[in-house]
Amino acid sequence: MTRKCPKCRAEAMRIERGPYRYDSGGLPHVVLLGVETGRCGQCGAEMVSIPRIAQLHEAIAVALATKSTRLAPLEARFLRKCLGLSTDDLAARMGVARETVSRWESPRSAQPIGATSERLLRLMALRERPVEEYPTDRLAEIRDETSEELMRFEAGGTGWHAAA
């Protein structure tokens with residue numbers, strides 16, 4: 001299927017539906033399934049159509065907050081941003097220094113987020129979302145290792161959700 005290119009206006013934008021690596025949220029390991037992407041055969045312009053981005057970010061936040069391994073620095077940053085908090089705001093809410101939050105979120109830092117602070121951040125991310133399938137006692141089962149597992153999301157009739 002082809003569409004008109006928004007850049008050069010030629011009817012040469014070839015549209016495909018498939019997987020798309022979504023790094024705009026700051027996480028390099030998120031893949032969206034069934035997303036429309038396109039490339040213009042004339043000028044080379046690229047486009048992607050991602051519906052309901054706010055809902056997608058909520059789905060990613062829930063997946064991160066409920067994963068069974070420790071949060072990576074970029075995942076902690078994503079959760080903070082999803083909560084709409086600045087570094088200063090999160091530091092104040094968690095009772096730590098701003099620099100501490102910055103170290104948690106830095107991929108080059110030798111100081112990962114502590115287990116108690118991580119649990120609090122996860123609970124904050126889940127606070128206003130219905131999460132009946134994630135009982136609080138699962139927080140105690142989080143393993144000490146960090147992993148950036150490939151996460152896949154697809155848009156369905158009710159919105160974005162983690163793909164099996």
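Of the 164 residues of the protein, 41% count as buried. The model is a predicted one, and every value discussed here is computed from it. Along the principal axes, the C-alpha atoms fill a box of roughly 55 × 35 × 25 Å. The protein exposes about 9400 Å², and carbon and sulfur atoms supply 48% of that area.

The secondary structure comprises five helices and eight strands. Read from the N terminus, the elements follow the order β-β-β-β-α-β-α-α-α-α-β-β-β. The chain thus begins with four strands in succession and ends with three. As for contacts between residues at least 6 apart in sequence, 58% join residues at least 24 apart.

The charged groups may be considered next. The protein carries 25 positive and 22 negative charges, and the mean positions of the two sets are 6 Å apart. Side chains of opposite charge can pair when their charged atoms come close. A search of the whole structure identifies 10 salt bridges, and three of these pairs are described below.

One salt bridge joins the side chains of Glu-36 and Arg-17, with an N to O distance of 3.2 Å. Glu-36 belongs to strand β3 (residues 30-40) and Arg-17 to strand β2 (residues 13-21), so this pair ties together parts that are 19 residues apart in sequence. The two partners differ in their surroundings: Glu-36 counts as buried because its relative accessibility is 16%, under the 20% cut-off, whereas Arg-17, at 59%, counts as exposed.

A second pair consists of Glu-46 and Arg-39, whose side chains meet in a salt bridge at 2.2 Å, N to O. Glu-46 has a relative accessibility of 61% and therefore counts as exposed. Arg-39, at 46%, counts as partly exposed.

The helices also contribute a pair. Arg-98 forms a salt bridge with Asp-88, and the closest N and O atoms are 2.9 Å apart. This pair links distant parts of the chain, with Arg-98 in helix α4 (residues 98-105) and Asp-88 in helix α3 (residues 87-94), 10 residues apart. Both residues are partly exposed: the relative accessibility of Arg-98 is 40%, and the relative accessible area of Asp-88 is 44%. Elsewhere, salt bridges that share partners join Arg-3, Arg-17 and Glu-36 into one network, which extends the account of the Glu-36 and Arg-17 pair given above.

The cysteines remain to be considered. A disulfide is a covalent bond between the sulfur atoms of two cysteines. How many disulfides does the structure hold? The count is zero. The sulfur of Cys-8 has its closest cysteine sulfur in Cys-40, at 3.6 Å, and this separation is too far for a bond. The cut-off explains the result, because a disulfide requires the two sulfur atoms to lie within 2.5 Å. The relation holds from the other side as well, since the cysteine sulfur closest to that of Cys-40 is the one in Cys-8. Are these two cysteines buried, partly exposed or exposed? Cys-8 is partly exposed, with a relative accessible area of 32%, whereas Cys-40 counts as buried at 3% relative accessibility.

Methods: Residues numbered from 1 in each chain as written. Predicted model: local features only at pLDDT ≥ 70, side-chain atom pairs only at ≥ 80, totals over all residues. Heavy atoms only, no water. Salt bridge = Lys/Arg side-chain N within 4 Å of Asp/Glu carboxyl O. Helix = DSSP H or I, 4+ residues; strand = E, 2+ residues; numbered from the N terminus. Buried < 20%, exposed > 50% of the residue type's maximum accessible area, 1.4 Å probe, protein only. Contact = heavy atoms within 4.5 Å. Areas by Shrake-Rupley, 256 points an atom, 1.4 Å probe, with all protein chains shown as cover. Lys, Arg positive; Asp, Glu negative; His and termini not counted. Charge placed at Lys NZ, Arg CZ, Asp CG, Glu CD.
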